[in-house]
Amino acid sequence: SVRMSLEVSPSLPVMDLFNEAVDYLQVYNIAPVSEDDVDSYLRDVFPEASEWTSNSPLLNEPCLPCALRADNQEDLLEKRLQVLKGVLLCEEVYLMELETLLTPMKALKAAAGTSQPVLSTEQVQTVFYQIPEIRDLHKDFYRSLQRSLEPEHTDGGEEATVVLPYHVTVGDAFLKFVNQLGVYRGFIDNYESAVKIVQECTRSDQRFRTLAESMSSKGADNDLWKHTPPDHPDRIKLQESLRLSSSFLSGVNERSQCKQPVMLSKGERRQLIRDGFVVDVCENGHNLRHLFLYTDMLLCAKLTSAGRQAHYRFCWYLPLVGLKLTWTSEPLPSSESQTKMNKTRGKMFQLNQALQQHGKGGKSSVSRAVDRLRRKLEECEIWLLTNTPSFTLNLHSTSGKSHTIRMLSLYNLTEWKEAIERQCVDCIETVPPDLLSVTSSCIKLRMTQQPPLHNVESVESAPICGSLYVMVQAACGLQQPCSAYVCVEVDGFEFYNRRKQTSELVFQVDGAQQLFLVLVSQEETDSRNDIVGRVVLNLDPDEMFKKRKNFTCSLGQVEVTLSIKYMPHPLELPSISPLLQEPVFGVPIAQVAIQERVLVPHIVRSCVEEVEQRGLKEEGIYRISGASTEIQALKHAFNSNYREAVSKLRKVDVNAVSGTLKLYFRELPSPLIPSELYNDFLDARDIPDPYVRADSLLRLLQSLPDVNRNTLLFLFHHLRRVAERKQENKMSLSNLATVFGPSLLRPPVARVDISQEVEVQVQVIYLYLQCKNLPEPILTKSLTADDTES
């Protein structure tokens, strides 16, 4: 691919159009409407929007050309000087790359005259055709720029200072460079022949593999023209340089698109399988990019516009051969980041309200205001798209290169992952493609035209607006024990969170049409998350209106039962402050269960599942306490953010997890076995007949409140599974009863003989753990239609 030091700027046709529009309005004594006028108009209609600011790091292009918006000409000239220095640095790096590329040419030429040449003289000339001339062209251009930017010495022998930016003229250097761009045409026309030779030699000599991979390079992005003032002496020359380079590049693109499709080794043509917009994670931050999946590679490109014509700029590519994929869910952001995201959502809500109120206006001023609102809404949505914590897909190539892309939807990530893995199965290694030709053809081959933004859709056609209640009731069909959850997502505007992963969900939606379900499992012996299955449900408001609708759907081999209800109502402004979760530590367990709409609190289930995954073989589990700092951090997380707590559980020492569970039971205001029943349990313990004693203990257990009873049963069955591995963890039933007895059973009044009190606590729990017909716990309560209405 060709690396150019000068690109066509989109500002030229925009500036001409703007000047013509201003002249036209002035003829009829009409003052052009500025952004300040629009903002003033919005403040009159929506006073709360007075503090709106455009904070998008991606869509920060001004509505008018930069040269017309500059407040200070010296600042503009300073920016121009920085652009020139950037061009000079790019040229220096490119010259080093060319020199490195030409290094093996001398050795190959010398070897061509020996009895055992690696390449013939003709092959050497074909592979390195026009590269020396390109090197000389750029060397001359680099020296010209360097001379123009050299510092001048002031009178009096003072230290050298840089010449004033206004007097730096480089137009002649650029014109001379552009007029010699024809040398690249020969290089491009010869490129396929050179690649064929490289392909043949790669099969016989490993040294050529490195050479083949180094034949692609990224281009530089320099905007010199738009930082040059209109009265600068370089203005006309740079404009002519842009015209000539535009004509040359257009000709190159046309000839590249007319070439035959690249033939893969199996005789198949390269085909586009899938494309879409993703967030590319790199050192420079998060950038919105267009990803293309071809038959043999992944191509990442940046969508840009020159005037009205859109085109793509190459970013990176990875061959599919040996490509490895892993995915993770990003941790929750800090409270400051959450506040910023919530403020952005609030701003989007207000912008959307303004669009609905003024979208039908017929006057031109209202129309311009609507366009302005849409641009601001698009900025906010793209900012959320690139900054909201999401799911990351990591791509690892056998060449050592790796890239990370982000997707807001787990369902969308699953589709991409499955599509890439299908192509990787039968893919074989190919020579690196002609990236110039492939990238140029993306504009015609693409199947996705716009980024995944909802503001481009019609608000009036939104079928669902209000609250959407979703309850995941049950799942069956897992082939082996594992920790699993269902990730539920909805489409619609980004005013509210669109993804949740608990059992009872309430979505605030605007324009939702579909519900996405993804089942994720985590094996006991592996911390890696696996996607078991996925499904999409179309939302019909008539079926779900005011009454729950039950669904059973298949996610792979697992059947999931859920219920959905829809309540239409006008949406309110989203909360600006981070959502605060009700605490769970030190709170009556019945109150926690009501908050979570379960019979066994999430903290108990999460800690138990983590211990069963990582701690069954841990010697002294539940007896050895974890680090107090980690336990307190988990306590704070469960009190403030359940998702963050679950993420922390997987990273801390398993003894800290078991310590957190013990701390939760110790800090309950009332123990799981109510103190007023202490004497009843004491009497049951003293029954001599074991059968009568067991029957009495089970009757007492059934008399407990639902939440207490099911939480105890859930814990007892867990402790039994721990004791089954006592040969490894050294924790028998009696040891576990000793650990948990004082936390689960307490006397109504502290007794003088503490040893007798502990003996009763331990023996009661030990008897329950030995019980052979202990019932199974019920984790959640199925809601009926009457329960839902109440």
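The structure holds zero disulfides. A disulfide, to be clear, is a covalent bond between the sulfur atoms of two cysteines, counted here when a pair of cysteine sulfur atoms lies within 2.5 Å. Two of the cysteines are worth a look anyway: Cys380 is buried, with a relative accessible area of 1%, and Cys442 is buried too, at 0% relative accessibility. "Buried" means under 20% relative accessible area, "exposed" means over 50%, and "partly exposed" is in between (1.4 Å probe, protein chains only).

Before going on, keep in mind that this is a predicted model, where local features need pLDDT of at least 70 and side-chain atom pairs count only at pLDDT 80 or more, while totals for chains, interfaces and linings use all residues. Residues are numbered from 1 along each chain as its sequence is written, and side-chain values use heavy atoms, with hydrogens and water left out.

**The big picture**

The chain has 28 helices and 15 strands. These are DSSP runs, numbered from the N terminus: helices are H or I runs of at least four residues, and strands are E runs of at least two. Of the chain's 790 residues, 47% count as buried. Now take the contacts (heavy atoms within 4.5 Å) with a separation of 6 or more: 73% of them are between residues 24 or more positions apart.

**Strands side by side**

Let's start with strand E1 (residues 272–282), which runs antiparallel to E2 and is joined to it by 10 bridges. Two strands count as paired if DSSP finds at least two bridges between them. A hairpin links E1 to E2 through two residues, and Gly276 stands opposite Leu291 in E2. Strand E2 (residues 285–294) is mostly covered, with eight of its 10 residues buried.

E1 also pairs with strand E7 (residues 402–407), antiparallel again, through three bridges. There, Asp280 stands opposite Ile405 in E7. E7 in turn is joined to strand E6 (residues 391–396) by six bridges, and these two run antiparallel as well. Phe391 has Met407 in E7 as its bridge partner. E6 and E7 form a hairpin with five residues between them, and Gly400 in that turn has a positive phi of about 95°.

**Two residues and their company**

Which strand holds Trp327? Trp327 lies in strand E5 (residues 324–329), and at 8% relative accessibility it counts as buried. Setting aside neighbours within four places in sequence, Trp327 is in contact with Phe391, Thr392, Leu393, Leu410, Leu413, Lys417, Tyr485, Val520, Asn529 and Ile531. Trp327 and Thr392 are 65 residues apart along the chain, yet their C-alpha atoms are separated by 5.5 Å.

Leu355 sits in helix H12 (residues 335–358) and is buried at 7% relative accessibility. Beyond its neighbours within four places in sequence, Leu355 is in contact with Val370, Leu373, Arg374 and Leu377. Leu355 and Leu377 are 22 residues apart in sequence and 9.6 Å apart in space, C-alpha to C-alpha.

**Two helices packed together**

Two packed helices are described by the angle between their axes and the distance between the axes. For helix H18 (residues 602–614) and helix H24 (residues 706–723), the axes come within 11 Å and cross at roughly 5°. That makes H18 roughly parallel to H24. Axes here are lines fitted to C-alpha atoms, for helices over the stretch in contact, and angles run from 0 to 180 degrees between N-to-C directions. Angles under 35 degrees count as roughly parallel, over 145 as roughly antiparallel, 65 to 115 as roughly perpendicular and the rest as oblique.

Who makes the contact? On H18 the residues are Val604, Arg605, Val608, Val611 and Glu612, and on H24 they are Thr711, Phe714, His718 and Arg721. They divide into four nonpolar, two polar and three charged. In this sorting, Ala, Val, Leu, Ile, Met, Phe, Trp, Tyr, Cys and Pro count as nonpolar, Asp, Glu, Lys and Arg as charged, and the others, Gly among them, as polar.

**Positive phi in loops**

Most residues other than glycine have a negative phi. Here are two that have a positive one.

| Residue | Phi | Loop | Relative accessibility |
|---|---|---|---|
| Gln130 | near 70° | between helix H5 (121–127) and helix H6 (131–148) | 16%, buried |
| Tyr622 | about 75° | between H18 and helix H19 (628–640) | 0%, buried |
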